[in-house]
Amino acid sequence: MFLRAGKRVILLMVLWMFFLFFSPASGQVVETDERALLLVEDGISFSKDSLFLMNFRFRMQNRAGFNTLEGDDFRVNEFEMRVRRLRLRLDGFVGHPRLQYYIQLAFSKADLDLENTLIAQPIRDAIVYYIVNQNFYLGFGQSKLPGNRQRVNSSGNLQFADRSTANALFNIDRDFGLFLYKTFPFSNTSELQFKGALTTGDGRNASAINNGLSYTGRLEYLPFGPFLNNGDYSEGDLEFETNPKLSIGITLSANQKAVRAGGQLGQNLFEARNMNSLIVDGVFKYRGWAVLGEYLERSSLDPITSNDMGDIRIVQVGWGLNTQISRMLDRKHELAFRYSKVTPDPEIIQFQDRVDEVLLGFSRYVNGHRIKFQANVGYKWLEGLSSFENVGNSWTGMFQVEFGI
């Protein structure tokens, strides 16, 4: 019965996507979560002379998916049908075009961080920028840290319905503090970008106050110059780069006296811990091909914390890898493949499983990343590729509609 139900769900997904293949596609400005967008083709704009501008946009992600039982059992174990994200984004300037702002609010239950707190957290971003010039700007407020590329990518610019398992465990997410962005262009069209942040280390909407801070720095080198339409922070080569484009990045982050299992993310620890993150990533695009690679690592000298009752909470230390390769079949359709893995440090191996995951994805772009239809299917291993029968191994399938302006 479960197998027949799962087949019907997959069939409906395929038919839905088939009937949508004949819709027109058009391009738009790629949004970025590291600064305000002032010139947008989509959305609603309000302005008053040169003193005020507000761009108003929304987007939602509606999805339906399933997971099977462990091992090679194809019976459906659980269904997922929900609004994964519902976001409102407001950006623009006040008083002077140099003084910009970016606000992003979340409203779906899955987007409110209710897993780790009893209080809903609707504020994703709330930051004010001062634009010194085209290549230098400062920010103060809450925003994404300059971490791994896939995390900094807007969730609306992804090739798959979700980010990788490696990103889920080792990204450094959002925080509140001071941000700095500086680009060094060179005469041969290449450029070097520096991004830095001095933040609380406690994550978004944190209420805890401690005497530790987080220090994050990132360098990105683009040897062949900038990507078309901010394509280095948008998955897939929707722009069909006519010349090879490459960006290589490295991030170092030190979070002092962190109170959460992942630094800015996760459940509260029983004791504060110092933790360090290393991230190396890169993206390459050329004529519809795109390749993304990320290595993420978190370390802490004493990752295990406990209370008087003997309960244990751990710092999520270890390393992860994510690789993706994709090909645009034409201007509207894309095939993508992902392999991702998480390997915990030996100190916490009894509390954290090794995870390997492969995904195959197909996307139909109606209006670039703003309106698209995505289908993913994949398999997850818990203890290495040689083991196919561990409890917890499963097949997964997902269909998602991204719709926004």
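This passage describes the fold, charge pairs, aromatic pairs and selected residues of a predicted model. Local features need pLDDT of at least 70 and side-chain atom pairs count only at pLDDT 80 or more, while totals for chains, interfaces and linings use all residues. Residues are numbered from 1 along each chain as its sequence is written, and side-chain values use heavy atoms, with hydrogens and water left out.

The protein comprises three helices and 19 strands. Helices (H or I, at least four residues) and strands (E, at least two) are DSSP runs, numbered from the N terminus. Of its 405 residues, 51% are buried. Buried stands for under 20% relative accessible area, exposed for over 50%, and partly exposed for values in between (1.4 Å probe, protein chains only). Contacts (heavy atoms within 4.5 Å) often span the sequence: of those between residues at least 6 apart, 63% join residues at least 24 apart. The accessible surface is about 18,600 Å², and 64% of this belongs to carbon and sulfur atoms. Areas come from the Shrake-Rupley method with a 1.4 Å probe; for residues, only the protein chains shown count as cover.

The model contains 23 salt bridges. Each is a side-chain nitrogen of Lys or Arg within 4 Å of a carboxyl oxygen of Asp or Glu. One of them joins Arg-124 to Asp-111 at 3.5 Å, N to O. Arg-124 belongs to strand β5 (residues 123-133) and Asp-111 to the loop between β4 (99-106) and β5, so this pair ties together parts 13 residues apart in sequence. Both residues are buried. Arg-174 pairs with Asp-125, with 3.0 Å between the closest N and O atoms. This bridge links strand β7, which holds Arg-174, to strand β5, which holds Asp-125, across 49 residues. Arg-174 is buried at 1% relative accessibility, and Asp-125 is buried at 0%.

Glu-220 and Lys-195 also form a salt bridge, their closest N and O atoms 3.0 Å apart. Glu-220 lies in strand β9 (residues 214-222) and Lys-195 in strand β8 (residues 191-199), 25 residues apart. Glu-220 and Lys-195 are both buried. They belong to a salt-bridge network with Glu-34, Arg-149, Arg-218 and Asp-281.

Arg-149 also has its charged end over the ring of Tyr-233, 5.1 Å from the centre. A charge sits over a ring if NZ of Lys or CZ of Arg is within 6 Å of the ring centre and within 35 degrees of the ring normal. Arg-89 is placed likewise over Tyr-102, at 4.1 Å.

There are seven aromatic pairs. Rings of Phe, Tyr and Trp (its six-membered ring) pair if their centres lie within 6.5 Å; planes under 30 degrees apart are stacked, over 60 edge-to-face, and the rest tilted. Tyr-129 and Tyr-137 have ring centres 5.6 Å apart and planes at 75°, so they are edge-to-face. Tyr-129 is buried at 0%, and Tyr-137 is buried at 7%. These two form one aromatic cluster with Tyr-181.

Two single residues were examined next. Ser-155 lies in the loop between α2 (149-152) and α3 (165-170). Ser-155 is buried, at 4% relative accessible area. Beyond neighbours within four places in sequence, its contacts are Arg-59, Gln-61, Arg-85, Arg-87, Arg-163 and Glu-402. Pro-185, in strand β7 (residues 174-185), is exposed at 51%. With residues up to four places away left out, Pro-185 touches Asn-135, Ser-190 and Glu-191. Its C-alpha atom is 8.4 Å from that of Asn-135, 50 residues away along the chain.
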